[in-house]
Amino acid sequence: MTIATLTKPWEAMSYGFLDASAKRELRRKMLKAIAVPGCQMPYASREVPMARGWGTGGLQVTLTLLRPSSVVKVIDQGADDSVNAASIRSFLSKVSGARETWDTLEATILQSRHRIPEERLRADQVLVLQVPNPEPLRPVEPNMSVARQMHADADYGRLWLILYEQIVRSGRVMQGAAYPSLVNGRHVMTPSPIPRWDVPKLHMAQHLTFLSAGREKRLYAVPPFTRVEPLVFSDVPFQVEDHAALTCHRSGLTGYFMNEIPQGDGGSQFELSDSNLGIKAIRQAEGADARIGPTWYENGKTS
Amino acid sequence: MTLAQHSLALRAPQLMTTPPLLTMTGVSRRYGDVVALRDVSATVYPGEVLGIVGESGSGKSTLLRMMNLEDTPDAGDYRLALPDLPGNLFDLDRFARRMLCATRIGIVYQNPHLGLLMKHTSSGNVAERLLIAGERSFAALRGRAREALDASEFPLDRMDARPIELSGGMQQRVQLAKAIALEPVLLLLDEPTTGLDVSVQALVLDTLKRLQRDRAITMVIVSHDLGVIRTMADRVMVMRRGRVVEQGLADQIFQDPQHDYTQQLVHAKL
């Protein structure tokens, strides 16, 4: 008997890049996060071959969830083809053997920065959001120990102060992204940097959402069929961005979240933020076989 | 104002007829080797202004912090005549304490940085109090913040300025508006006019006096300035080295001080 027969053959890395103990720890924290929706769970954020701030939190959760049969989609600001999204996607496929896709309907795991796809996610899909700042109380309470105590006491009154001052200053709520939302009637969370447009998509959704901040070492979750209610004043209703009437100049679709493209003449054109939806719409118009699934918004309204 | 209200507002302290609003008995607190309070007892009657005087380090601010439940003593009993909270308030948990402090007790600190969120608007600072108490209507928040700022004689055209941009006197008025926004049963003032120049000090004291007269609000005012105490207080408590050395009606203390230390204090002033 030699030492070689007793040990595993040498490998460059373990399956899914993270070592087994790191994944075990993450899974425990993910289960905890599901058990207490919206509550931030601290975890030992590992080194991954990417700088902090580029989606290391999301990446670690995705790496933990992956298996060879997974189909993985990564978007950055709604686009599948940005450098960051493409590199994360190819890295994920390289270390796990999972298949890459751009199609929301096909994917089993979706990692995203800034957007939730416009097509409805199903119960068999998991959404992983990369979070830069997981603490909704940071603007009103710089001391994080005190902020944790405030979470424990559900002492969220001060969050309305942010909204109050936005209305006083600008006449309406200006919170463009990371709109503080009450999860399951108990914990207030920052829904990543997703726009207001995407917040209603989390409410009573069929899919599981993980939100993970690698630098801040916190992860939290919105399990399927959980209430996610944006904070509002009783006399000032929640409003999504005013994009319902905008039309994408490339695909011709109307009623979705758009990117504004400034033009040389000082005006602007709009194009779909969810690039894959636009691509599928253009393919359909050209007569190719591209299926667009049911969307959260129909004609600019949540359905 | 009707005659009945008027006579109520001008009534002398009801030392004999009504039970006290605030009762503190046997409060002691030591920080390491420093004894801040030794067996201090105090009572405050509804509608009365109690002045606490004493040199720096005599324990008067510590006592006020105890009254605001910011600190727990080593021993002692503290009760407010509130029907829903009959027991010793020092036994309350953190959550109940915070609710009590936010809704029933108002405080104005000497240093506005302690009492205000400097980077938020003045009206927002007042609104924060109301938010803690559960108000969730924007119109109501705005209206009540405006009312409270108006009552503390703050210029309303500056209500959305940040406190850091305001003068010291204005900052104290914002603190005062925040303290009275929920119509507390007890208003605590910790050196409210120290650091203000004499004319602004007079204006702030004037506002306090008017509030006291109009709302018959119960106040405890801590100051090392006998002039302030003489203007405001009905009754005076003199503290030295963590003990109460003398207490009585304001005129009595100032005209006929008994204790050596009080005599020195009064004569130093005059």
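**Close-ups of a predicted two-chain model**

Counting over all chains, this structure holds 36 salt bridges. Keep in mind for every view below that the model is predicted.

**View 1. A:Asp153 and B:Arg94 pair up in a salt bridge.** The N-to-O distance between these two side chains comes out at 2.8 Å. This pair crosses between chains: A:Asp153 sits in the loop between helix 5 and helix 6 of chain A, while B:Arg94 belongs to helix 3 of chain B.

**View 2. A:Arg158 and B:Glu128 form a salt bridge too.** Here the closest N and O atoms are 2.7 Å apart. Between chain A and chain B the tally is 4 salt bridges. Helix 6 of chain A, covering residues 157-170, gives the most to the side of chain A that touches chain B, chipping in 8 residues.

**View 3. Chain A meets chain B, with 17 residues from chain A and 19 residues from chain B in the contact.** The size of an interface is often quoted as the accessible area lost when the parts come together. For this pair of chains, the buried area is about 1,800 Å², and carbon and sulfur atoms account for 58% of it. Add to that 12 residue pairs in polar contact across the interface, both partners at pLDDT 80 or more. On the side of chain A that touches chain B, the residues split into 9 nonpolar, 3 polar and 5 charged.

**View 4. The largest pocket offers about 1,100 Å³ of space.** Its lining runs to 34 residues, and the closest to the pocket centre are A:Glu141, A:Arg158, B:Leu114, B:Glu128 and B:Lys178. Two of these names, A:Arg158 and B:Glu128, are the salt-bridge partners from View 2.

**View 5. What lines the largest pocket, element by element?** From chain A, helix 5 (144-152) supplies at least two residues of the lining. From chain B, helix 3 (94-103), strand 5 (105-108), helix 4 (112-115), helix 5 (122-132) and helix 7 (168-180) each do likewise. Helix 3 of chain B gives the most, with 5 residues. By residue type, the lining of the largest pocket breaks down into 16 nonpolar, 5 polar and 13 charged.

Methods: Residues numbered from 1 in each chain as written. Chains lettered and ligands numbered in written order. Predicted model: local features only at pLDDT ≥ 70, side-chain atom pairs only at ≥ 80, totals over all residues. Heavy atoms only, no water. 1 Å grid on protein atoms, 1.4 Å probe; cavity = no way out; pocket = protein on both sides within 12 Å on 5 of 7 lines; lining within 4 Å. Points joined across faces, edges and corners; volume = space filled by probe spheres on them. Helix = DSSP H or I, 4+ residues; strand = E, 2+ residues; numbered from the N terminus. Nonpolar A, V, L, I, M, F, W, Y, C, P; charged D, E, K, R; others polar. Contact = heavy atoms within 4.5 Å. Buried area = accessible area lost by both parts, 1.4 Å probe. Polar contact = N/O pair within 3.5 Å; in protein donor to acceptor, adjacent residues only side chain to side chain.
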